[in-house]
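This report describes a sheet, the helices packed around it and a few backbone details. The sequence and structure are shown first.

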Amino acid sequence: MESRQGNGTSGSVRCWRCEACLLPMTGDPMPDTAAPTRLTAVRPPVPEGQTLTLTINGVDRAVTMPPWTTLLDALRQHLDLTGTKKGCDHGQCGACTVLVDGKRINACLTLAVMQQGRAITTIEGLASGADLHPLQQAFIDHDAFQCGYCTPGQICSAIGLMNEGTARTPDEIRELMSGNICRCGAYPNIVDAIRTVMAAQAGGEQQP
Ligand code: FES
Ligand code: FES
């Protein structure tokens, strides 16, 4: 059999699949009469920008961005809402926690385009004018932060925690807030702040 690749070795056939390697092909090569046929993948064009409307802190915001933009990047890079922080960008630290329809989510793990039509709440949307959200005030009162980088995510996550209504004890608060990492180690004060607000909402005093 004659060589297809002209490698000078009479009787050998180089593999036609990539035409790059020097290994001789064993077995039956492609039919002699057919030229190598390569399938060309036909891909739809990828849009560079897509305009969508997000409802953030009660306001509809139209924004144009690539469809693969995460909600976190949409907030920070396209809407100038930099209160929501980027820590790991992999769902590991909780710094990016926001509320969507009252539920806490990691904004780095969802695409903005998936959140159209939902009510997104960020740390910027918690206060009412000059009045802080009770959890914001409690974090100040309990000195529940040092550098503050994790704090927006901690507060949004704590609101989601209270909306869920499943945490009753300090241990349960710690367990259900474990997705929010604080590198400064302010955990005891964070739990105290959450307990204070939970107790106030329940109409009772915080138990030690
Ligand atoms: S930045 Fe989203 S979980 Fe860390
Ligand atoms: S206050 Fe610094 S990481 Fe939590």
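## Loops, sheet and helix packing

Asn57 sits in the loop between S1 and S2. The model is a predicted one. Although Asn57 is not a glycine, its phi is positive, about 50°. The hairpin to which Asn57 belongs, formed by S1 and S2, has two residues between the strands. Asn57 has 15 other C-beta atoms within 10 Å and is partly exposed.

The two strands of this hairpin run antiparallel and are joined by seven bridges. Within this pairing, Thr53 stands opposite Ala62 in S2. Strand S2 is hardly covered, since none of its seven residues is buried: the count is zero.

S1 and S2 belong to an open sheet of five strands, whose order is S2-S1-S5-S3-S4 and whose pairing is mixed. S2 and strand S4 (103-106) are at the edges; each has a single partner strand, so one side of each lacks a neighbour in the sheet. From one strand to the next, the twist averages 40°. Strands of a sheet pair through backbone hydrogen bonds, in either a parallel or an antiparallel manner. S1 also pairs with strand S5 (residues 119-121), to which it runs parallel, through two bridges. Thr55 has Ala119 of S5 as its bridge partner. Helix H3 (residues 151-164) packs on the sheet, where it touches strand S3 (97-100) and S4. The direction of H3 makes about 35° with that of S3.

Helix H1 (residues 71-78) has as its buried residues Leu71, Leu72, Asp73, Ala74 and Leu75. Strand S1 (50-56) and strand S2 (59-65) are among the elements that cover these buried residues of H1. After H1 comes Asp80, with a positive phi near 55°.

Helix H2 (residues 134-141) packs against two other helices, H5 and H3. The axes of H2 and helix H5 (residues 187-202) come within 8 Å and cross at roughly 135°. H2 and H5 are therefore oblique to each other, and H2 passes H5 in a right-handed crossing. On the H2 side this contact involves Pro134, Leu135, Ala138 and Phe139, and on the H5 side Ala193, Thr196, Val197 and Ala200. By class, seven of the residues in the contact of H2 with H5 are nonpolar, one is polar and none is charged.

The axes of H2 and H3 are 10 Å apart, at an angle of about 125°. H2 and H3 are therefore oblique to each other, and their crossing is right-handed. Here Leu135, Gln136 and Phe139 in H2 meet Thr151, Ile155, Ala158 and Ile159 in H3. The contact of H2 with H3 has five nonpolar residues, two polar ones and no charged ones. Leu135 and Phe139 of H2 are thus listed in the contact with H5 and also in that with H3.

The loop between H2 and H3 contains Asp143. Asp143 is a residue other than glycine with a positive phi, near 55°. Asp143 is exposed, with 12 other C-beta atoms within 10 Å.

The positive phi values are set out below.

| Residue | Phi | Place |
|---|---|---|
| Asn57 | about 50° | loop between S1 and S2 |
| Asp80 | near 55° | follows H1 |
| Asp143 | near 55° | loop between H2 and H3 |

Technical notes:
Residues are numbered from 1 along each chain as its sequence is written. Chains are lettered from A and ligands numbered from 1 in the order in which they are written. This is a predicted model: local features need pLDDT of at least 70, side-chain atom pairs count only at pLDDT 80 or more; totals for chains, interfaces and linings use all residues. A residue is buried if 20 or more other C-beta atoms lie within 10 Å of its own, exposed if 12 or fewer, and partly exposed in between; C-beta atoms are placed from the backbone. Helices (H or I, at least four residues) and strands (E, at least two) are DSSP runs, numbered from the N terminus. Two residues are in contact if their C-beta atoms, placed from the backbone, lie within 7 Å. Two strands pair if DSSP finds at least two bridges between them. Axes are lines fitted to C-alpha atoms, for helices over the stretch in contact, and angles run from 0 to 180 degrees between N-to-C directions. Angles under 35 degrees count as roughly parallel, over 145 as roughly antiparallel, 65 to 115 as roughly perpendicular and the rest as oblique. A crossing is left-handed if the near helix is turned anticlockwise from the far one by less than a right angle, and right-handed if clockwise. Ala, Val, Leu, Ile, Met, Phe, Trp, Tyr, Cys and Pro count as nonpolar, Asp, Glu, Lys and Arg as charged, and the others, Gly among them, as polar.
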